[in-house]
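I opened the notebook to look at the overall build of one protein chain and then at its backbone angles.

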Amino acid sequence: QVQLVESGGGLVQAGGSLRLSCAASGRAISFLYMGWFRQAPGKERELVAAISRGGLTTDYADSVKGRFTISKDRAKNTAYLQMSSLKFEDTAVYYCAAKDGNYDDYNYWGQGTQVTVSS
C-alpha cells in the first residue's frame, strides 16, 4: 500500500516562494505517476502539476505555468512542488497524489497541507 505524507505548507506573502514535499512509502516513486492537486474553499479540486514515472514528462495547469515546478528525488523517494511568485489565489489545501498507470485515476492520496498567501 502506498502512503503519501505532505509537508512544507504555511503562510507566505504574495510574491514569495514555498516548496512542498511528498514523502512516499510502500513503493518506489519511479513506479508511480504523481501529481499535486489543490482545493480552495468553495472550489473544486484541481490538478496543478503532474509528473511521469521517470520524471521526464511534466504537465501544469495554465494558472501555475512558469511559477510552479514539480520534481522527483528517487533517492529520497519524495516528490516536490516548488512554488514561486505566489499569488493570493494560490491559497488552498494542496494534496499529493499518485497512481500506478498513466490512464488510471489517482488512487493514492496524502492528507493535504495548507498554503496561505497573504496579499
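My entries below go from the whole chain to two loop residues.

I note that this is a predicted model, in which local features need pLDDT of at least 70, side-chain atom pairs count only at pLDDT 80 or more, and totals for chains, interfaces and linings use all residues. Residues are numbered from 1 along each chain as its sequence is written, and side-chain values use heavy atoms, with hydrogens and water left out.

I looked up the secondary structure and found 0 helices and 11 strands in the protein chain (DSSP runs numbered from the N terminus, helices being H or I of at least four residues and strands E of at least two). The radius of gyration is 13 Å, close to the 14 Å that the globule rule gives for 119 residues, so the protein chain is as compact as a globular protein of that length (taken over C-alpha atoms, the rule being 2.2 Å times the number of residues to the power 0.38).

I then checked burial, and 45% of the 119 residues are buried (buried means under 20% relative accessible area, exposed over 50%, partly exposed in between, with a 1.4 Å probe and protein chains only).

Most residues other than glycine have a negative phi, and I looked up two with a positive value. Asparagine 77, with phi near 50°, sits in the loop between β7 (68-73) and β8 (78-83) and is buried at a relative accessible area of 16%. Serine 85, with a positive phi of about 50°, lies in the loop between β8 and β9 (92-99) and is partly exposed at 42% relative accessibility.
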